[in-house]
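Subject: Structure handover

Hello,

Here is the structure we spoke about, passed on for your files. My notes are underneath.

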Amino acid sequence: MTAELPKTIARFEVRGLVGLGGSAVIYSAWDADNHRPVAIKLLRDDRSMRRDSQSRFLREAKAMA
């Protein structure tokens, strides 16, 4: 990945890139409100419009919660 890392995603301070997969990008970040590290997984733009990718991503998010 050659693009520059975002400084923030929503209220989270991005610390680094954890992984880049076929359908998602995973960042390590800091949650200042709760004083803890977090991982943020975002669907890649080219995959986010596919219905099957969205469904799988939502199932995974619910399982992690």
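The notes below cover the salt bridges, the largest pocket and a surface patch.

Please bear in mind that this is a predicted model.

Salt bridges

The search of the whole structure gives 5 salt bridges. Four residues, Arg11, Asp31, Asp33 and Arg36, are linked in a network of such bridges.

Within that network, arginine 11 pairs with aspartate 33 through their side chains, at 3.4 Å from N to O. The two come from distant parts of the chain, 22 residues apart: arginine 11 sits in the loop between β1 (8–9) and β2, and aspartate 33 in the loop between β3 (24–31) and β4. Arginine 11 counts as partly exposed because its relative accessibility is 43%. Aspartate 33, at 55%, counts as exposed, the cut-off for that class being over 50%.

Another bridge in the network joins aspartate 31 to arginine 36, with 3.6 Å between the closest N and O atoms. Is aspartate 31 buried or exposed? Its relative accessible area is 0%, so aspartate 31 is buried. Its partner arginine 36 has 44% relative accessibility and is therefore partly exposed.

A further salt bridge is formed by the side chains of lysine 41 and glutamate 60, at 2.7 Å from N to O. This pair also links distant parts of the chain, with lysine 41 in strand β4 and glutamate 60 in helix α2, 19 residues apart. Lysine 41 is partly exposed at 31% relative accessibility, and glutamate 60 is partly exposed with a relative accessible area of 36%.

Largest pocket

Lysine 41 and glutamate 60 come up again here, as both are in the lining of the largest pocket, together with Ala39, Phe57, Ala61 and Met64. The elements giving two or more residues to this lining are β4 (36–43) and α2 (51–64). Helix α2 supplies the largest share, 4 residues. By class, the lining has 4 nonpolar and 2 charged residues, and no polar ones. The volume of the largest pocket is about 170 Å³.

Surface patch

Leu5, Leu17 and Leu20 make a nonpolar surface patch of about 230 Å². One of these, leucine 17, lies in strand β2 (residues 12–20). With a relative accessibility of 38%, leucine 17 counts as partly exposed. Residues enter a patch of this kind at over 30% relative accessible area, so leucine 17 qualifies on that count.

Regards

Key. Residues are numbered from 1 along each chain as its sequence is written. This is a predicted model: local features need pLDDT of at least 70, side-chain atom pairs count only at pLDDT 80 or more; totals for chains, interfaces and linings use all residues. Side-chain values use heavy atoms; hydrogens and water are left out. Patches are made of residues with over 30% relative accessible area and no salt bridge: like charges are joined within 9 Å, nonpolar side chains (Val, Leu, Ile, Met, Phe, Trp, Tyr) within 5 Å. Accessible areas come from the Shrake-Rupley method with a 1.4 Å probe; for residues, only the protein chains shown count as cover. Buried means under 20% relative accessible area, exposed over 50%, partly exposed in between (1.4 Å probe, protein chains only). On a 1 Å grid over the protein atoms alone, a cavity is a set of points where a 1.4 Å probe fits but cannot get out, and a pocket is an open set with protein on both sides within 12 Å along at least five of seven lines; lining residues have an atom within 4 Å of a point. Grid points are joined across faces, edges and corners, and a volume is the space filled by probe spheres set on the points. Ala, Val, Leu, Ile, Met, Phe, Trp, Tyr, Cys and Pro count as nonpolar, Asp, Glu, Lys and Arg as charged, and the others, Gly among them, as polar.
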